Amino acid sequence: MPRVKLRQDNIRSLPYVGDARRKSQCIYWDLALPGFGLRKFPNGRGSYVCSYRIQKRRRLVDLGRSDALTLEQARRRARSYFGTAADGKDPRSSIDQMRATPTVRELAESYVNGHAKLKKRTWKTDEAYLNQLLIPRFGAHLASSITRADIANIHTDIGKKHPYTANRFISIIRKMYNVGCHLGMIPEEIRNPGTEIVPFAEKKRRRYVTPAEMPSLVAAIDEDPNVFAGHALWLLLLTGVRRSEILNAKWSDVDWDNRTLYIGKTKNGDPVLAPLSRAAIARLNMISRPDDNPYIIRGDIPGEPLVYLDAMWRRIRKKTGYHDLRIHDLRRTVGSWLVRDGASLHLVGAVLNHKDQKTTAGYAYFQTEDRQRALDRHGDSVVQVTQARTRQRTNGASPADSTQEAETTGLPRVHRISRRDLYELIWSEPTTSLARRFGISDVGLAKVCRRSDIPSPPRGYWAKVAAGNPIQRPELPERADLGCKSIVFSIKANSRATEH
């Protein structure tokens, strides 16, 4: 290779020297800066290059075209490369790594085939999100060149109409880049573009079928022409299992003696024996069992199950007017109704096959009637206290004056209440606060309840109510000897109660 003293005025005039047919290189090495040179091409173009050794390996690096960089700019760039190489670092390593990274399309294919298909039941959803939202925009770009701003723009565009979809998209992107880094396809120093993006606010869904809506819903299900889809919806209402678990269930999975349904592939990955109620067994007996199809809910294709319930569900929603009701809300309905009947969250979680009790709490809602009854008891207590204070003011004395007068004169204070009202009060608030209102001790109030045969809340009841786990209270026993008598509290030095 020729050696010359490169000057800005002779860069364009230096000719190509070499065999153009064999495309041999022609580099004019600079005498002023060893390792720096000008590479000429047969068409007359030129580019600056530099040569250095790193880890016993000689590298020739292109610094830029001679018509875009001045000679001094190219020499400064070459000197920075030589300095980095002298420290034992390859100045081109980061650029080489970036160029070696796959494209976005290749990364998406590796994520779907190497991770999602193997570990996620919803891999088709991930694949659809990537094919529809990411690849059309950035499929040909290098995966390492995608920035957080690129992903945030897609997130914002989708979120204007579909905020939940936009949030799911961000989760998939973040997971895809994490998997790519784990597989060595993405350098570790490349920042994950799916991180630190503020998601759209999401509201927890609290829709379920109320007792007032249930008759019209089941009537619409029974009147629909798709009989097997109707059986599937009935079983969803009676068992609380997921839609895919019912559609993939086979007759061989039913244990008629123990009334269970074996589900080998659940959402959390663990097989489960789902209990079957008497109503569910009766519904199964209503379904015909052909010899050529092993599935309980069979479709039109011989030997295959029914795949979709959406068409029937759209007809049912249109007929009933419940346009905000989804098929998965039938599972929420089971949890809500079980809690309404007094089942604990632990039991409801076992029925719905939840690993986390927090998930169960999202399915178990108190019906409107339950909340109304609780507020009725609260309102009765407020009214009762208010009326007692009003009577005291009407008699010309304030509650404080009455208490002070009772203490100074030695006259007892008297409370008169029916056995039924005391039963309602004792289950509406803790015994300590109720006893304080009556002016007696909680021990004295407990004795009154025992003598009057009034069941009291057990230990830990109010803590369970605060945690959302109410215990079904026992009914007030009928007592002929106490039916028409009132309970009178007389408070002086000590507490006592008698029935009149």
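S66 is a good place to enter this structure: with a relative accessible area of 18%, S66 is buried, a term that means under 20% relative accessible area, while exposed means over 50% and partly exposed lies in between (1.4 Å probe, protein chains only). The model is a predicted one, in which local features need pLDDT of at least 70 and side-chain atom pairs count only at pLDDT 80 or more, whereas totals for chains, interfaces and linings use all residues. Residues are numbered from 1 along each chain as its sequence is written, and side-chain values use heavy atoms, with hydrogens and water left out.

S66 sits in the loop that runs between β5 (57–65) and α1 (71–86). Helices (H or I, at least four residues) and strands (E, at least two) are DSSP runs, numbered from the N terminus. Setting aside residues up to four places away in sequence, S66 touches I11, L38, G46, S47 and Y48, where contact means heavy atoms within 4.5 Å. One of these partners, I11, belongs to the loop between β1 (3–4) and β2 (26–30). I11 counts as buried because its relative accessibility is 3%. Beyond its neighbours within four places in sequence, I11 is in contact with L6, L38, K40, Y48, S66 and L71. The C-alpha atoms of I11 and L71 are separated by 8.4 Å, although the two residues are 60 residues apart along the chain.

The chain as a whole can now be brought into view. Its secondary structure comes to 20 helices and 11 strands. Of the 500 residues in the chain, 39% are buried. Among contacts with a separation of 6 or more, 60% join residues 24 or more positions apart.

Helix α3 (residues 104–119) offers a closer look at one element. Its 16 residues should span 22 Å at 1.5 Å a residue, and this agrees with the 21 Å between its end C-alpha atoms; the expected span is 1.5 Å times one less than the number of residues. A kink of about 35° is centred on V112 in α3, the bend at a residue being the angle between axes fitted to the seven residues ending there and the seven starting there. V112 is also one of the buried residues of α3, along with V104, L107, A108, Y111, H115 and A116. An α-helix has 3.6 residues a turn, so residues three or four places apart point the same way. The buried residues of α3 pack against α4 (123–138) and α6 (163–182).

Further along the chain, C449 is found in helix α19. C449 is buried, since its relative accessible area is 1%. Its contacts, leaving aside neighbours within four places in sequence, are L422, I426, I454 and S456. C449 and L422 are 27 residues apart along the chain, and their C-alpha atoms are separated by 8.3 Å.

Two residues draw attention through their backbone angles. Most residues other than glycine have a negative phi. R259, which is not a glycine, has a positive phi near 55°, and D453, also not a glycine, has a positive phi of about 55°. R259 lies in the loop between β6 (254–255) and β7 (260–263), and D453 in the loop between α19 (442–451) and α20 (461–466). R259 counts as partly exposed because its relative accessibility is 33%; D453 counts as partly exposed at 28%.

Finally, the interior holds some enclosed space. The structure has two cavities of 30 Å³ or more. On a 1 Å grid over the protein atoms alone, a cavity is a set of points where a 1.4 Å probe fits but cannot get out, and lining residues have an atom within 4 Å of a point. Grid points are joined across faces, edges and corners, and a volume is the space filled by probe spheres set on the points. The largest cavity contains about 70 Å³ of space. Its lining has 14 residues, of which V241, V272, A274, V351 and N353 are the closest to its centre. Strand β8 (272–275) and helix α13 (345–352) each supply at least two lining residues, and β8 gives the most, with four. By class, this lining divides into nine nonpolar, two polar and three charged residues. Here Ala, Val, Leu, Ile, Met, Phe, Trp, Tyr, Cys and Pro count as nonpolar, Asp, Glu, Lys and Arg as charged, and the others, Gly among them, as polar. The second largest cavity contains about 50 Å³ of space and is lined by L235, T239, I246, A249, L261, L276, L284 and I296. Seven of these lining residues are nonpolar, one is polar and none is charged.

Terms used
1 Å grid on protein atoms, 1.4 Å probe; cavity = no way out; pocket = protein on both sides within 12 Å on 5 of 7 lines; lining within 4 Å.
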